[in-house]
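Student: I have just opened this structure and would like to learn how its labels are earned. Could you take me through them step by step?

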Amino acid sequence: MKARVTVTLKTGVLDPQGKAIEGALKSLGIDGVSSVRQGKVFDIELDGANKAAAEAALKAACEKLLANTVIENYRVELQG
Amino acid sequence: MKAAVITFPGSNRDGDVAKALRQAGAHVAHVWHGDYELPAGTDLVVLPGGFSYGDYLRCGAIAGRAHIMDATRAHAARGGLVLGICNGFQIACEAGLLPGVLARNADLKFVCRRQHLTVERNDTAFTSAYTKGQVIDVCIAHGEGNYICDPETLARLEGEGLVAFRYCDADGKVTAEANPNGSLDGIAGIYSPGRNVLGLMPHPENLIDGLVGGTDGRGMFASLMSGKKAA
């Protein structure tokens with residue numbers, strides 16, 4: 001089973017990298033960009049086919065390591 | 001004073017802090033991150049500066065989950081002293097020993113320069129050799145030193161006197177201009193509620209010899225040697 005975990009900064013947490021990228025996009029003349037927030041994507045392969053067990057394992061992975069929940073949110077998507 | 005300096009893959013200030021501790025008179029043991037136990041009789045655990053695990057994932061995140069951190073948390077829970085410097089501060093936060101996060105410097109620049117700090121209180125095991133409000137001149141070298149936490153945590157840190165050091169100018173004024181990384185309230189270091197755990201971004205261990213620029217860092221190691229328990 002494959003899964004994708006996306007970790008993003010919580011709203012209100014300063015994201016200087018996102019701001020710098022936003023500025024670079026504007027300087028390239030790409031119109032219509034009002035804001036950029038940078039995050040992380042983890043593509044994870046799991047043994048077994050039990051969806052509930054996979055979701056539980058991924059939630060534990062996010063809480064224990066992949067995200068720092070003081071400043072970050074995470075989202076888990078199972079891809080069958 | 002028996003100190004245990006933990007070496008993680010990518011630590012690079014472990015030798016410097018060991019030298020500072022030995023200069024002050026401590027017995028220093030070097031401990032590997034994969035070990036499960038601290039040497040018997042350890043008074044102080046030091047999480048040194050560097051770039052543990054290449055700063056992968058988040059600074060200090062992987063080191064914060066090392067086996068030795070279980071023993072370090074147990075040591076801290078017993079009231080034992082823990083000192084986290086720079087990457088060690090990041091590791092202490094990631095390991096749950098201290099609240100908050102060291103985020104990317106607000107201006108995105110890695111800062112490596114001299115920096116003045118105010119000593120917020122001198123009744124702790126780490127600062128008794130300084131005077132309250134003393135301005136010390138040490139080094140900083142980091143790209144992720146921007147201390148942030150939620151408003152409730154900040155209010156608790158300020159209300160309970162858990163801010164250890166603040167970035168300031170040469171006159172001791174805590175200003176936005178003197179803040180190298182955007183940290184809330186100019187915070188350069190914080191204590192745990194028992195004041196037995198200290199995390200700070202600056203490097204006192206680098207200012208222990210007049211030959212290399214100053215000795216304002218010595219006070220921290222002298223304080224630790226005085227045997228004062230955590231305030």
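Tutor: Gladly, and keep in mind that this is a predicted model. Let's begin with helix α1 of chain B, residues 14–24.

Student: Which residues of helix α1 of chain B are buried?

Tutor: They are B:D14, B:D16, B:V17, B:A18, B:A20, B:L21 and B:A24. To be called buried, a residue needs 20 or more other C-beta atoms within 10 Å of its own.

Student: What covers the buried residues of α1(B)?

Tutor: The cover includes strands β1, β2, β3 and β4 together with helix α5 (218–225) of chain B. Right behind α1(B) comes B:G25, with a positive phi near 110°.

Student: What makes B:R195 buried or exposed?

Tutor: Count its surroundings: B:R195 has 23 other C-beta atoms within 10 Å. The cut-off is 20 or more, so B:R195 is buried. This residue sits in the loop between β10 and β11 of chain B.

Student: And why is B:D185 called partly exposed?

Tutor: B:D185 has 14 C-beta neighbours inside 10 Å. Buried would take 20 or more and exposed 12 or fewer, so 14 falls in between and B:D185 is partly exposed. Its place is the loop between β9 and β10 of chain B.

Student: What is the phi of B:D185, and what is that of B:R195?

Tutor: B:D185 has a positive phi of about 55° without being a glycine. B:R195 is not a glycine either, and has a positive phi of about 55°. Why point this out? Because most residues other than glycine have a negative phi.

Student: Let's turn to the sheets. In what order do the nine strands of the open sheet in chain B stand?

Tutor: The order is β2-β1-β3-β4-β11-β10-β9-β6-β7, and the pairing is mixed.

Student: Why are β2 and β7 of chain B said to stand at the edges?

Tutor: β2 (27–32) and β7 (135–142) each have a single partner strand, so one side of each is left without a neighbour in the sheet. On average, neighbouring strands here are turned by 25° against each other, direction ignored.

Student: How do you know that β9 and β10 of chain B pair?

Tutor: Pairing takes at least two bridges, and β9 (residues 163–168) and β10 (residues 187–191) have three, so they count as paired, in the antiparallel sense. As a spot to look at, B:V163 stands opposite B:I190 in β10(B).

Student: Which helices lie against this sheet?

Tutor: Helix α2 (residues 67–77) of chain B packs on the sheet, touching β1, β2, β3, β4 and β11 of chain B, with its direction at about 125° to that of β4(B). Helix α3 (residues 87–94) of chain B lies across β3, β4 and β11, running at about 120° to β4(B).

Student: What about the open sheet in chain A?

Tutor: Three strands form that sheet, in the order β2-β1-β3 with antiparallel pairing. Its edge strands are β2 (39–45) and β3 (72–78) of chain A, each pairing on one side only. The twist averages 15° from one strand to the next.

Student: What makes β1 and β2 of chain A a pair?

Tutor: Seven bridges join β1 (residues 2–9) to β2(A), and a pair takes at least two, so the label fits. Here A:V5 stands opposite A:F42 in β2(A). Helix α2 (residues 51–66) of chain A lies across β1, β2 and β3 of chain A, at about 160° to β3(A).

Student: How do you know that chain B agrees with a compact globule?

Tutor: With 231 residues, such a globule would have a radius of gyration near 17 Å; chain B has 16 Å, which agrees. Its C-alpha trace spans about 45 × 35 × 35 Å along the principal axes, and 55% of its residues count as buried.

Student: Which residues have the most contacts inside the largest nonpolar core?

Tutor: They are B:I6, B:V46 and B:A92, in a core of 73 residues. Beyond its neighbours within four places in sequence, B:V46 is in contact with residues including B:V5, B:I6, B:V17 and B:L83.

Student: Last one: how many residues does each chain bring to the contact between A and B?

Tutor: Chain B brings twelve and chain A eight. On the chain B side, seven are nonpolar, one is polar and four are charged.

Key: Residues are numbered from 1 along each chain as its sequence is written. Chains are lettered from A and ligands numbered from 1 in the order in which they are written. This is a predicted model: local features need pLDDT of at least 70, side-chain atom pairs count only at pLDDT 80 or more; totals for chains, interfaces and linings use all residues. Two residues are in contact if their C-beta atoms, placed from the backbone, lie within 7 Å. Ala, Val, Leu, Ile, Met, Phe, Trp, Tyr, Cys and Pro count as nonpolar, Asp, Glu, Lys and Arg as charged, and the others, Gly among them, as polar. The radius of gyration is taken over C-alpha atoms; the globule rule is 2.2 Å times the number of residues to the power 0.38. A nonpolar core is a set of buried Ala, Val, Leu, Ile, Met, Phe, Trp, Tyr and Cys residues joined through C-beta atoms within 7 Å. Helices (H or I, at least four residues) and strands (E, at least two) are DSSP runs, numbered from the N terminus. Axes are lines fitted to C-alpha atoms, for helices over the stretch in contact, and angles run from 0 to 180 degrees between N-to-C directions.
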